[in-house]
Amino acid sequence: QVQVQESGGGLVQTGGSLRLSCAASGRTFNEYAVGWFRQAPGKGREFVAAINSAGSTRYADFVKGRFVISRDNAEKTVYLEMNSLKPEDTAVYYCAARRYWYAVTTDYDYWGQGTQVTVSS
């Protein structure tokens with residue numbers, strides 16, 4: 001079993017950067033894929049990026065070239081580096097974990113509480 005917790009959200013101006021962290025507990029973290037999702041007010045939860053246990057990555061089209069997902073298995077942490085932020089990136093960002101392969105749907109077993117990202121114009 002794995003527990004995940006996000007951190008690193010905050011307020012940033014348009015064009016700025018933030019790095020989100022997803023810290024995990026559990027002895028077999030390296031066997032888990034981790035996905036990042038976001039949810040803006042009044043909207044559904046949408047896929048942002050994911051990384052599987054072998055390090056392969058997947059991005060939503062709207063973040064390609066701006067966001068980078070990475071993992072440090074020794075630290076049991078997955079990072080989401082967000083650059084060139086736009087006001088439309090404003091949302092609560094969640095990380096989630098599932099065994100081995102990522103999914104671009106919300107079909108994950110373990111979720112964090114979320115961290116707020118606000119991009120001012």
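A salt bridge is taken here as a side-chain nitrogen of Lys or Arg within 4 Å of a carboxyl oxygen of Asp or Glu. In the structure described here, which is a predicted model, Arg 38, Glu 46, Arg 66 and Asp 89 are linked in a network of such salt bridges. A search of the whole structure finds six salt bridges, and several of them are described below together with the sheet, the core and the disulfide.

Within the network, Asp 89 forms a salt bridge with Arg 38, and the closest N and O atoms of the two side chains are 2.8 Å apart. This pair links distant parts of the chain, since Asp 89 lies in the loop between strand 8 and strand 9 whereas Arg 38 belongs to strand 4, 51 residues apart. Asp 89 has a relative accessibility of 0% and therefore counts as buried, and Arg 38, with a relative accessible area of 6%, is buried as well.

The side chains of Arg 99 and Glu 31 also meet in a salt bridge, with a distance of 2.7 Å from N to O. Arg 99 is located in strand 9 and Glu 31 in the loop between strand 3 and strand 4, so that this pair ties together parts that are 68 residues apart in sequence. Arg 99 is partly exposed, with a relative accessible area of 37%, and Glu 31, at 24% relative accessibility, likewise counts as partly exposed. A further salt bridge joins Lys 64 to Asp 61, where the closest N and O atoms are 3.2 Å apart; in this case both residues are exposed. In general terms, side chains of opposite charge can pair when their charged atoms come close.

Four strands form an open sheet in the order 1-3-8-7, and the pairing is antiparallel. The edges of this sheet are strand 1 (3-7) and strand 7, each of which pairs on one side only, and the twist from one strand to the next averages 15°. Strand 1 and strand 3 run antiparallel and are joined by five bridges, with Cys 22 in strand 3 serving as the bridge partner of Glu 6. Strand 3 is in turn joined to strand 8 by six bridges, again in the antiparallel sense, and here Cys 22 stands opposite Val 78 of strand 8. Strand 8 is mostly covered, five of its six residues being buried. The pairing of strand 7 with strand 8 is antiparallel and extends over six bridges, and Ser 70 stands opposite Tyr 79 of strand 8.

Strand 7 and strand 8 form a hairpin with four residues between the strands, in which Lys 76 takes a positive phi near 55°. Lys 76 is partly exposed, with a relative accessible area of 28%. A positive phi of about 65° is also found at Tyr 100, although this residue is not a glycine. Tyr 100 is placed in the loop between strand 9 and strand 10 (110-111), and at 39% relative accessibility this residue counts as partly exposed. As background to these two cases, most residues other than glycine have a negative phi.

The strand residue Cys 22 takes part in a disulfide with Cys 95, and the two sulfur atoms are 2.2 Å apart. The pair links distant parts of the chain, with Cys 22 in strand 3 and Cys 95 in strand 9, 73 residues apart. The torsion about the S-S bond of Cys 22 and Cys 95 is about 70°, and the disulfide is therefore right-handed. Both Cys 22 and Cys 95 are buried, and a search of the whole structure finds one disulfide.

The largest nonpolar core contains 36 residues, of which Trp 36, Leu 80, Met 82 and Tyr 93 touch the most other members. Two or more residues of this core come from each of strand 3 (18-25), strand 4 (32-39), strand 5 (45-51), strand 7 (67-72), strand 8 (77-82), strand 9 (91-99) and strand 11 (115-120). In soluble globular proteins, nonpolar side chains tend to be buried together.

Methods: Residues numbered from 1 in each chain as written. Predicted model: local features only at pLDDT ≥ 70, side-chain atom pairs only at ≥ 80, totals over all residues. Heavy atoms only, no water. Core = buried A, V, L, I, M, F, W, Y, C linked by side-chain atoms within 4.5 Å. Buried < 20%, exposed > 50% of the residue type's maximum accessible area, 1.4 Å probe, protein only. Disulfide = S-S within 2.5 Å. Pairing = 2+ DSSP bridges. Axes fitted to C-alpha atoms, helices over the stretch in contact; angles between N-to-C directions.
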